[in-house]
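Subject: Structure handover

Hi,

Here is the structure I promised to pass on. Please open it alongside this note.

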Number of protein chains: 2
Amino acid sequence: LVNEATANRIIKVAERLGYRPNAVARGLKTRRSGSIGVLVPDLLNPVIPPIVRGIEGRLAEAGYNVLLCNADHSEARERIHLEAIRSHQIEGLITANVHHDASPIDPILASGRPVVLVNRVAGEGTLSAAYPDDELCSELAVGHLAELGHRRIAHVAGPGDTSTGVGRLRGFRRALRVHGLKSADSAVIVSKRYTEDEGKRCCSQLIARGTEFTAVYAANDLLAVGCYDALNDVGLGCPSDVSVVGCNDMPFTDRFSPPLTTVNIAHGRLGAAAAELMLEALADPDAQPRQIVIEPTLVVRGSTALARSARISDAGPACR
Amino acid sequence: LVNEATANRIIKVAERLGYRPNAVARGLKTRRSGSIGVLVPDLLNPVIPPIVRGIEGRLAEAGYNVLLCNADHSEARERIHLEAIRSHQIEGLITANVHHDASPIDPILASGRPVVLVNRVAGEGTLSAAYPDDELCSELAVGHLAELGHRRIAHVAGPGDTSTGVGRLRGFRRALRVHGLKSADSAVIVSKRYTEDEGKRCCSQLIARGTEFTAVYAANDLLAVGCYDALNDVGLGCPSDVSVVGCNDMPFTDRFSPPLTTVNIAHGRLGAAAAELMLEALADPDAQPRQIVIEPTLVVRGSTALARSARISDAGPACR
C-alpha cells in the first residue's frame, strides 16, 4: 500500500513517539500474537510446574510466551479456557488435560491452530504428543518389587479416562506375567483422580476388603503418599510391613518420611519435547503429527524393602 | 446503529449458525475480554499454585478466567509477559512478582487497567494488595523458639528486594527485642532467592563463619529445607542439635523428615482476597486502593525442640 522507504519512515517515527505494535490489532490481520496457550488439569499436582517450565524454556528461545490455564479438574472451567484461547489470538495449544474423549479441543483444531498433547496421548496418532512410556513405568516398579521378593502386589491405578492411568495399568498386568506372578494374587483398584485423598481412599478400601498384599504400586506419587496415610491409619509400617512405589518423582519426594521409591519421569524434558512439537507445527502446518516418548527410570529410596516372607526366611543381610 | 428488534434478530440468527462472539474483536471495541492476567515469580515455588487457585476460584464466580504467566525469576521474561498482557485485551493484572521497584508494571497502570498485588506489597499504599502480616510471621516463629529456650537464633532472611523478605527481617529484629534477646548474639544472612539451594548456601555460610546458634528461622519453607541439607552435610541433627522454623506452610511440609515447624499463611484466602480487590477495581475504576492483610498462624511440628542447653539443665521431660 505504501512503498518501502515510506513504510520505514513511518516505523521510525512511530518508534520515536513510543508506539508499540498492538498484538491484538496485529493478530487480527496476521493471526500472530506470539502467545501459546497451555492447559493443565490441576496446578496443585506438583508434576505440572516442571512440565510448564520445560515448555516455557523452549518456547521462549523461539520468541513465544506462554499463557497458562488451569482447568482445576472441572470440565466447565476447561471449556471456558478453551473458548478464551480460541477467541484471543493465541497461536496454538499445548494441553495436559486430555481425557480419552478429546472432543473439547475440537473447536481449537477446527480453527486451524496446532494442538500438542503433553504427558497424555489420545486420538490414535492423529495428534502430536510428548508423553512418558507408561507401560515401562509399571514394569520398572513391579520388577523392583519382584526382586525384593514381593509376590502379592496391589495396584492403585490412575483414572480410567487418562492415558497414564490406562497405560500404567496395562503395564502392571504385563509386568506381573513377565515375573511369573498370578494376577489372581494381586489386586487392582482404579482411582477417580490423581490426588492424595483418593490414594488414601483406594488403599483403605483394599485393606477393608481383606486383600492380602505386601506391596502397593500407585500410578502416581500423590496416590502413593495417600497410601502412606491409609497404612498409617491401621498401624502398618512402610516399608516394614508394606512397601510403596509411586510414579513421577515429583519434587520433594526425597524429603518424605519415608523417602518415596518411585519412577522418575523427566518432566522438564517432557515439556521441552512438547514445545518442540509445537514449534514444528507452527513452522509447517501441513507436517504429519509426531509422538515423542520419554523413557522413565527407577529411583530406589526408603519406601521399599524386602518382602516380609523374604525377610523371615532370609538368613543373610535382611533389612536395608 | 440498528434498532433493538433487528439486533436481537441478528443475534438469534448468528447463534443458530454457530457464530460466537470473538473476544478480540469485541475487546477492541469494549476493552472487555473476560480475562485477568496473573503474573508469578516462580511457578516451582509450592506456595504459588494455592494462591493462583484462590484467585481463580473467586474470579470464576464473577465470570472471569485467569491467564497465568510465570516470570521464572527473569526480568526479561517478566517484561515480555507484561507486554503480552498489555497488548492482548486482558482486563487487569494480579501480580506476585513485585520487587521494591514496581516500575515494570507502570505501562499496565498507564493503560488504565487495574493492578492488584498478591503476597507482596509496594508503592506505599497507592496499589491495592493482599498480603500476609510478615512481621507477625517472624514474631510467631521467634516466640516459639524463645519458649523452647533458644537464645541464639539465626535468621536466613528473604531477598532484600521483596516485601516479604524485608518485612520478616524487621519482624525478626523486633521479636528479638520483645523476648529480651540480644541481636549481637544472633546472626542474619540475606538470601538472594527463595529456593532450597539458596537456603542451603546461606546456612552453610553461617556454619562456616563459626556463628553459634541453636535454632534457625528461615523466611520461607524452601529456604528452611535448604537449611536441613546444610545441617545434614556437617552432621548436625534437626531438631536434636539445631531447631528449624520455616514460613508459609507450603504443601507437603507435614510429610518431610522431620516434619517442618512453620508459620501457616492461608494462601487460598490470600488469592481470593486479591481477586476480590480486582473485582472491586473493575467495578469502580475510581475506587481508592485498599489493602487486605492476612493473619498467619504457628504450626508446630517435628523440626523444633528444646534448646540444647535447656535440655541439659532440664530435669523434667526433656525431648519431645
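Below is what I found, starting with the whole and ending with single residues.

**Overall**

Keep in mind that this is a predicted model. Chain A has 11 helices and 12 strands. Of its 320 residues, 54% count as buried. The exposed surface of chain A comes to about 13,800 Å². Carbon and sulfur atoms supply 51% of that area. Contacts in chain A reach far along the sequence: among those with a separation of 6 or more, 73% are between residues 24 or more positions apart.

**How the two chains relate**

Chain A superposes on chain B after a rotation of 180°, with 0.0 Å of shift along the axis. The RMSD is 0.0 Å. That is the relation of a two-fold axis. Both copies use the same surface: 100% of the contact residues of chain A recur in chain B.

**The four-stranded sheet in chain A**

Four strands of chain A form an open sheet, in the order S7-S6-S8-S9. The pairing is parallel. Strand S7 (187-190) and strand S9 (243-245) of chain A are the edge strands, and each pairs on one side only. From one strand to the next, the twist averages 15°.

In the middle of that order, strand S6 (residues 153-157) and strand S8 (residues 215-218) of chain A pair in the parallel sense over 4 bridges. Within this pair, A:His155 stands opposite A:Tyr217. Helix H6 (residues 134-147) of chain A packs on the sheet and touches S6, S8 and S9 of chain A. The direction of H6 makes about 165° with that of S8(A). Helix H9 (residues 221-233) of chain A also lies across S6, S8 and S9 of chain A. H9 runs at about 160° to S9(A).

**The sheet in chain B**

In chain B, 4 strands form an open sheet with parallel pairing, again ordered S7-S6-S8-S9. Strand S7 (187-190) and strand S9 (243-245) of chain B stand at the edges. Each has a single partner strand, so one side of each is left without a neighbour in the sheet. Neighbouring strands are turned by 15° against each other on average, direction ignored.

Strands S6 (residues 153-157) and S8 (residues 215-218) of chain B run parallel and are joined by 4 bridges. B:Val156 has B:Ala218 as its bridge partner in S8(B). Helix H6 (residues 134-147) of chain B packs on the sheet, in touch with S6, S8 and S9 of chain B. Helix H8 (residues 196-208) of chain B lies across S6 and S7 of chain B, at about 145° to S7(B).

**An enclosed strand and a helix in chain B**

How many residues of strand S2 (residues 65-70) of chain B are buried? The count is 6 of the 6, so S2 is largely enclosed by the rest of the structure. B:Asn65, B:Leu67 and B:Cys69 point one way from S2(B), while B:Val66, B:Leu68 and B:Asn70 point the other way. In a regular strand, side chains alternate between the two faces of the sheet. S1(B) and S2(B) pair in the parallel sense over 6 bridges. There, B:Gly37 stands opposite B:Leu67.

Helix H10 (residues 267-283) of chain B passes a length check. At 1.5 Å a residue, its 17 residues should span 24 Å, and its end C-alpha atoms are 24 Å apart, which agrees. Buried residues in H10(B) include B:His267, B:Leu270, B:Ala274 and B:Leu277. The buried residues of H10(B) pack against several elements of chain B, among them strand S1 (35-40), helix H3 (48-61) and strand S11 (291-294).

**Two residues to look at in chain A**

A:His155 lies in strand S6 of chain A. Is A:His155 buried or exposed? It is buried, with a relative accessible area of 0%. Leaving aside neighbours within four places in sequence, A:His155 is in contact with residues including A:Arg168, A:Phe172, A:Val188 and A:Tyr217.

A:Leu82 sits in helix H4 (residues 75-87) of chain A. A:Leu82 is buried, with a relative accessible area of 5%. Not counting residues up to four places away in sequence, A:Leu82 touches A:Leu39, A:Leu93, A:Pro104, A:Ile105 and A:Ile108. A:Leu82 and A:Ala71 are 11 residues apart in sequence and 9.6 Å apart in space, C-alpha to C-alpha.

Best wishes

Definitions and conventions: Residues numbered from 1 in each chain as written. Chains lettered and ligands numbered in written order. Predicted model: local features only at pLDDT ≥ 70, side-chain atom pairs only at ≥ 80, totals over all residues. Heavy atoms only, no water. Pairing = 2+ DSSP bridges. Helix = DSSP H or I, 4+ residues; strand = E, 2+ residues; numbered from the N terminus. Axes fitted to C-alpha atoms, helices over the stretch in contact; angles between N-to-C directions. Contact = heavy atoms within 4.5 Å. Least-squares fit on C-alpha atoms with pLDDT ≥ 70 in both. Expected span 1.5 Å × (residues − 1). Buried < 20%, exposed > 50% of the residue type's maximum accessible area, 1.4 Å probe, protein only. Areas by Shrake-Rupley, 256 points an atom, 1.4 Å probe, with all protein chains shown as cover.
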